[in-house]
Amino acid sequence: MADNQSLESLVQALRCLPGVGVKSAQRMAFHLLQHDRPGAQRLAQALVQACEQVRHCSLCHTFSEQEVCATCADPRRDQSLLCVVETPADQAALERTGAYRGLFFVLMGRLSPLDGVGPGDIGLQRLFERIEAPDSPVRELILATNFTAEGETTAHVIAQALKQRGLKVTRLARGVPVGSELEYVDLGTIAHALVDRR
């Protein structure tokens, strides 16, 4: 494809997506150009529009087209609860449960020293500023970072930083998935379920 710069640029652009290598990017590019040019145009327009109009909510840091997202602007939400998540996808997953009616703060990442991601690279400072504001109604901070080494580290750093501030800090419980049988559950999950039992 040395003589086809536009096609090569498209393939390289598609490779920026997570999990997409050269072969997958080529398949996508060939499909769009060969079978779905109108779809390619819609995709291009949607990307341009999203890049121009989507920004971060000034309160919770999630993606929004408005200064303040719909969740933060909803007066029916419990202002005293603030749930910290890593990504907007995590926020959406919690919202789908219908079990949480508080507010969120989206870090847009997690601490990962091996990858060069430190406290200044995610929204920790904005989180602390929100909690420490004189008019902050937050009484409980729920740490809902993922149960990975990086997620645990992030939750620990946040909990330690807020330890002396008199704020209740809780962590999502870990345990055996609903509908599973103990003999098939990994030992780490069983151990955490025993420790976190109610």
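**A colleague's note on the predicted model**

1. Let me start with Leu82, which lies in strand E3; helices (H or I, at least four residues) and strands (E, at least two) are DSSP runs, numbered from the N terminus. This is a predicted model, in which local features need pLDDT of at least 70 and side-chain atom pairs count only at pLDDT 80 or more, while totals for chains, interfaces and linings use all residues. Residues are numbered from 1 along each chain as its sequence is written, and side-chain values use heavy atoms, with hydrogens and water left out.

2. Is Leu82 buried or exposed? Leu82 counts as buried because its relative accessibility is 0%; buried means under 20% relative accessible area, exposed over 50%, and partly exposed in between (1.4 Å probe, protein chains only). Leaving aside neighbours within four places in sequence, the residues in contact with Leu82 (heavy atoms within 4.5 Å) include Tyr100, Phe104, Leu127, Ile131 and Leu141. The C-alpha atoms of Leu82 and Leu162 are separated by 13 Å, with these positions 80 residues apart along the chain.

3. Now for the nonpolar cores, each a set of buried Ala, Val, Leu, Ile, Met, Phe, Trp, Tyr and Cys residues joined through side-chain atoms within 4.5 Å. The largest one has 18 residues, and those touching the most other members are Leu82, Val84, Leu107, Leu127, Leu141 and Ile158. At least two residues of this core come from each of strand E3 (78-85), strand E4 (102-106), helix H6 (124-132), strand E5 (140-143) and helix H7 (149-162). H6 gives the largest share, four residues. Apart from this core lies another, of nine residues, among them Leu81, Leu94, Tyr100 and Val106. As background, nonpolar side chains in soluble globular proteins tend to be buried together.

4. Leu141 deserves a look of its own. Setting aside neighbours within four places in sequence, its contacts include Leu82, Val84, Leu127, Ile158, Leu162 and Val169.

5. How many aromatic pairs does a search of the whole structure find? The search finds one. Tyr100 and Phe104 form this pair, which is edge-to-face, at 5.1 Å centre to centre and 70° between the planes. By the rule used, rings of Phe, Tyr and Trp (its six-membered ring) pair if their centres lie within 6.5 Å; planes under 30 degrees apart count as stacked, over 60 as edge-to-face and the rest as tilted. Both Tyr100 and Phe104 are buried.

6. On to charges: a salt bridge here is a side-chain nitrogen of Lys or Arg within 4 Å of a carboxyl oxygen of Asp or Glu, and the count comes to seven. Asp74 forms one with Arg76, the closest N and O atoms being 3.0 Å apart. Asp74 counts as buried because its relative accessibility is 11%, whereas Arg76, at 67%, counts as exposed. Asp74 also forms a salt bridge with Arg101, where the closest N and O atoms are 3.8 Å apart. That second pair links distant parts of the chain, with Asp74 in the loop between helix H4 (70-73) and E3, and Arg101 in the loop between H5 and E4, 27 residues apart. Arg101 is partly exposed, with a relative accessible area of 41%.

7. Another salt bridge joins Arg171 and Glu152, with the closest N and O atoms 3.6 Å apart. This pair also links distant parts of the chain: Arg171 is in strand E6 (residues 168-171) and Glu152 in helix H7, 19 residues apart. Arg171 counts as partly exposed at 26% relative accessibility, and Glu152 counts as partly exposed at 26%. Through shared partners, salt bridges join Asp74, Arg76 and Arg101 into one network.

8. Please also check Asp90, in helix H5 (residues 88-97). Asp90 is buried yet has no salt bridge, and the nearest side chain of opposite charge, Arg110, is 6.8 Å away. For this purpose Lys and Arg count as positive and Asp and Glu as negative, with His and the chain ends not counted. Beyond neighbours within four places in sequence, Asp90 is in contact with Val85 and Asn146.

9. Finally, the annotations. UniProt, in an unreviewed entry, places "zinc finger region: C4-type" at residues 57-72 and "domain: Toprim" at residues 80-177. UniProt positions are given in the numbering used here, feature names are shortened, and annotations may be inferred rather than shown by experiment. Over residues 57-72 the chain is 19% helix and 12% strand, with the end C-alpha atoms 8 Å apart. Over residues 80-177 the chain is 34% helix and 19% strand, and the end C-alpha atoms are 29 Å apart.
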